[in-house]
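Got the viewer open? Load the model, keep the selection box handy, and let's walk through it stop by stop.

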There are 2 protein chains.
Amino acid sequence: MRQCFYPSLSKMPLSHILNALSDPARLKIVKILLEKGEQPCGGFRMTVSKSTMSHHFKVLREAGLIQKRGEGTTHITSLRRDEIEARFPGLLNAIAAANKPL
Amino acid sequence: MRQCFYPSLSKMPLSHILNALSDPARLKIVKILLEKGEQPCGGFRMTVSKSTMSHHFKVLREAGLIQKRGEGTTHITSLRRDEIEARFPGLLNAIAAANKPL
DNA sequence: TTGATAGTTCGATTACTATCGAATAACAAA
DNA sequence: TTTGTTATTCGATAGTAATCGAACTATCAA
């Protein structure tokens, strides 16, 4: 698996994070990671193409929200929970709480 | 002052809210409202043109985040704090808390 | 009525972004 | 080595959005 760059959360502007989360597909990805933990790409069961999924993963990764590790032919995606919480306390909780009424 | 439509927060998707907040100028507007309370348009001291400001106010209003009331020739903008808090508990706090390290 | 102030709307431009299919890369199993 | 699986990258396209100046609306004051 190719190496990729993971930005430091400590210098990440909040607007970048919110921009990454403002797409419904990406918000769904994050919600699934929050609720079910780390997933392979196929674990998200979205209706968009593989290349579009890769694009969304890239946006989330460059915003500092997710990381990947390779396991054989699959890439496991996980949230950078602790770092996000340290930089933006309560943000993930607010997103998780918003699941209920939807 | 012309009447305008204020959407119900109860049906507002989180992604719309986050999209409205994902622009640095709009995030700054919300932060100012959080810290200093309601403001006339001129109270924000931003570097963009008046028409651009109007555009950002419209996006924030249509996302259910702000409301306006006319007072003479000025329009006072305020946050819909309680409604936002009821629909997305903790979201405004998370934004307010993120001010500190910046 | 005339002028000043505050803000919105319109039309245009420019830049960004979501999406896809095709090509590619990495890996495992046969 | 060949084949199948998983996922990324590339190039194109279509839609969206940020920005501005100019024109307009509304209100108050002189």
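What follows is a tour of selections, beginning with some ground rules.

This is a predicted model, so local features here need pLDDT of at least 70 and side-chain atom pairs count only at pLDDT 80 or more, while totals for chains, interfaces and linings use all residues. Residues are numbered from 1 along each chain as its sequence is written, chains are lettered from A and ligands numbered from 1 in the order in which they are written, and side-chain values use heavy atoms, with hydrogens and water left out.

**Stop 1: the core**

Start with A:Ile17, A:Leu65 and B:Leu65. These have the most contacts inside the largest nonpolar core, a set of 60 residues. Such a core is made of buried Ala, Val, Leu, Ile, Met, Phe, Trp, Tyr and Cys residues joined through side-chain atoms within 4.5 Å. Buried means under 20% relative accessible area, exposed means over 50%, and partly exposed is in between (1.4 Å probe, protein chains only).

Now colour the elements that give two or more residues to this core: α1 (14-21), α2 (24-36), α3 (50-62) and α5 (91-97) of chain A, along with α1 (14-21), α2 (24-36), α3 (50-62) and α5 (91-97) of chain B. The labels are DSSP runs numbered from the N terminus: helices are H or I with at least four residues, strands are E with at least two.

Which residues does A:Ile17 touch, leaving out those up to four places away in sequence? Show A:Leu9, A:Met12, A:Ala63, A:Leu65, A:Phe88 and A:Leu91. A contact here means heavy atoms within 4.5 Å.

**Stop 2: α1 of chain B**

Hop over to α1(B). Six of its eight residues are buried, so this helix is largely enclosed by the rest of the structure. Pick out B:Leu14, B:Ser15, B:Ile17, B:Leu18, B:Ala20 and B:Leu21, the buried ones. They pack against α1, α2 and α5 of chain A, and also against α2, α3 and α5 of chain B.

**Stop 3: α2 of chain A**

Select α2(A) and try the distance tool on its ends. The end C-alpha atoms are 18 Å apart, which agrees with the 18 Å that 13 residues should span at 1.5 Å a residue; the expected span is 1.5 Å times one less than the number of residues.

Look at the N-terminal end next. A:Asp23 caps it, with a side-chain oxygen 2.8 Å from the backbone nitrogen of A:Ala25. Running along the helix, the buried residues include A:Ile29, A:Val30, A:Ile32 and A:Leu33, and also A:Arg26 and A:Lys31. After the helix comes A:Gly37, with a positive phi near 80°.

**Stop 4: the chain A sheet**

Stay with α2(A) and add the strands. The helix lies across β1, β2 and β3 of chain A, at about 85° to β3(A). That angle is between N-to-C directions, on a scale from 0 to 180 degrees, with axes fitted to C-alpha atoms (for helices, over the stretch in contact).

The sheet is open, with three antiparallel strands in the order β1-β3-β2. Its edge strands are β1 (39-40) and β2 (66-71), each pairing on one side only. Two strands count as paired if DSSP finds at least two bridges between them; β2(A) and β3(A) have six, in the antiparallel sense. To see one of the partnerships, select A:Lys68 and A:Thr77.

Is A:Ser78, in β3 (residues 74-79) of chain A, buried or exposed? It is buried, at 13% relative accessible area. Not counting residues up to four places away in sequence, A:Ser78 touches A:Leu33, A:Glu38, A:Leu65, A:Ile66 and A:Gln67.

**Stop 5: the chain B sheet**

Switch to chain B, where an open sheet of three strands has the order β1-β3-β2, with antiparallel pairing. Here β1 (39-40) and β2 stand at the edges with a single partner strand each, so one side of each has no neighbour in the sheet.

Two bridges join β1(B) to β3(B), and B:Pro40 stands opposite B:Ile76. On the β2(B) side, B:Ile76 is the bridge partner of B:Arg69. Follow the β2(B)–β3(B) hairpin round its two-residue turn to find B:Gly72, with a positive phi of about 65°.

**Last stop: two arginines**

Finish at A:Arg45, in the loop between β1 and α3 of chain A. Its phi is near 50°, positive in a residue other than glycine. Most residues other than glycine have a negative phi. A:Arg45 counts as exposed, at 72% relative accessibility. Then select B:Arg45, in the loop between β1 and α3 of chain B: phi is near 50°, and the residue is exposed, with a relative accessible area of 72%.

Definitions and conventions
A polar contact is a pair of N or O atoms within 3.5 Å; within protein, one must be able to donate a hydrogen and the other to accept it, and residues adjacent in sequence count only if both atoms are side-chain atoms.
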